[in-house]
Structure formats: structure tokens, C-alpha cells
Amino acid sequence: MSQITIYHNPKCSKSRNTLAAICERGIEPQIIHYLDNPPDEATLRKLIADSGISVREAMRENEALYQELNPQGRELDDGERIAMMLAHPVLIQRPFVTTEKGTRLCRPEALLNEIL
């Protein structure tokens, strides 16, 4: 199998479980710790589009930081959401996984099976 990449947060149980599921298959993925090395705008937009999800689905609205940045809870447009995620990578949902078969936001982890 060609290169597999996981956008990983080791503090997140879903991200750790997805990484473990990849490794259990004998695959050594490229691990991008996106909090330390966040994607640029083009990469983030591509991850979202290739996953077939909305920009809103890619954002962690339950994070306290999101509430601080949007205290009135107004509806943000996609550009505003992307800008927030780029400025504050903790707001990016995880884990995104890319393979030669596609990209998925592996929430739930079972979505990983679609691209392995």
C-alpha cells in the first residue's frame, strides 16, 4: 500500500485509536501532529473536500476556544470557519486520514475501513 497520512493529536482518544488501527494492520503511516504543524489553507480545504464533509463538520464547535471566539454563537460562513481553524488548529476535527483510496475524517474510526 502506498503512503498513508494521519493528521494526529496524541491527546485525542479517537485519534490514538485510529492510529492504532492503522498500525495493527502493519502499516507505518506518516504522522502529522497538526497542532504543531498545522495544514495550510489549501491543504485544509482539500482534506475537507476530499472527505466529503462540510467545513462546519470539520470544525470542533464544542471546544471552549470556539465559544470564546464566537460568544454570540452566530452562524459563521465557510471562510470564517477556515480562518478560525488555520489560526487555531485545535478547532480542526480529528483525525483526518489520507490514502491512495481517499481521505476520511475518521469519526467514527470505522470510516478508516473505507480507505484502507
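Serine 51 counts as buried because its relative accessibility is 11%, under the 20% cut-off. This residue belongs to helix 2. The model is a predicted one. Its chain holds four helices and four strands.

**Around serine 51**

- Leaving aside residues up to four places away in sequence, serine 51 touches Phe96, Thr103, Arg104 and Leu105.
- Two of these contacts, Phe96 and Leu105, are bridge partners: phenylalanine 96 pairs with leucine 105 in strand 4.
- Thr103 and Leu105 are buried and point to one face of strand 4.
- Arg104 points to the other face and is not buried.
- Helix 2 itself covers residues 41-51.

**The chain as a whole**

- Read from the N terminus, the elements follow the order β-α-β-α-α-α-β-β.
- The chain has 116 residues, and 42% of them count as buried.
- A compact globule with 116 residues would have a radius of gyration near 13 Å, and the chain's 14 Å agrees with that.
- Along the principal axes, the C-alpha atoms fill a box of roughly 45 × 25 × 25 Å.
- The chain exposes about 6,300 Å², of which carbon and sulfur atoms supply 47%.
- Take the contacts between residues at least 6 apart in sequence: 62% of them join residues at least 24 apart.

**The sheet**

- Four strands make an open sheet in the order 2-1-3-4, and their pairing is mixed.
- Strand 2 (30-33) and strand 4 are the edge strands, each pairing on one side only.
- On average, neighbouring strands of this sheet are turned by 15° against each other, direction ignored.
- Strand 3 (residues 96-99) and strand 4 run antiparallel, joined by four bridges.
- These two strands form a hairpin, with two residues between them.

**Side chains in strand 4**

- In a regular strand, side chains alternate between the two faces of the sheet.
- Strand 4 (residues 102-105) shows this alternation.
- Thr103 and Leu105 take one face and are buried.
- Gly102 and Arg104 take the other face and are not buried.

**Helices across the sheet**

- Helix 1 (residues 13-24) lies across strand 1 (5-8), strand 2 and strand 3.
- The angle between helix 1 and strand 1 is about 160°.
- Helix 2 lies across strand 1, strand 3 and strand 4.
- Helix 2 runs at about 90° to strand 4.

**Helix 4 and its buried face**

- Helix 4 (residues 78-87) has buried residues at Arg81, Ile82, Met84 and Met85.
- Seen down the helix axis, the buried residues of helix 4 fall within an arc of 160°, so they line one face.
- An α-helix has 3.6 residues a turn, so residues three or four places apart point the same way.
- The buried residues of helix 4 pack against helix 2 and helix 3 (64-69).

Technical notes: Residues numbered from 1 in each chain as written. Predicted model: local features only at pLDDT ≥ 70, side-chain atom pairs only at ≥ 80, totals over all residues. Heavy atoms only, no water. Buried < 20%, exposed > 50% of the residue type's maximum accessible area, 1.4 Å probe, protein only. Pairing = 2+ DSSP bridges. Axes fitted to C-alpha atoms, helices over the stretch in contact; angles between N-to-C directions. Contact = heavy atoms within 4.5 Å. Rg over C-alpha atoms; globule rule 2.2 N^0.38 Å. Areas by Shrake-Rupley, 256 points an atom, 1.4 Å probe, with all protein chains shown as cover. Arc of directions from axis to C-beta.
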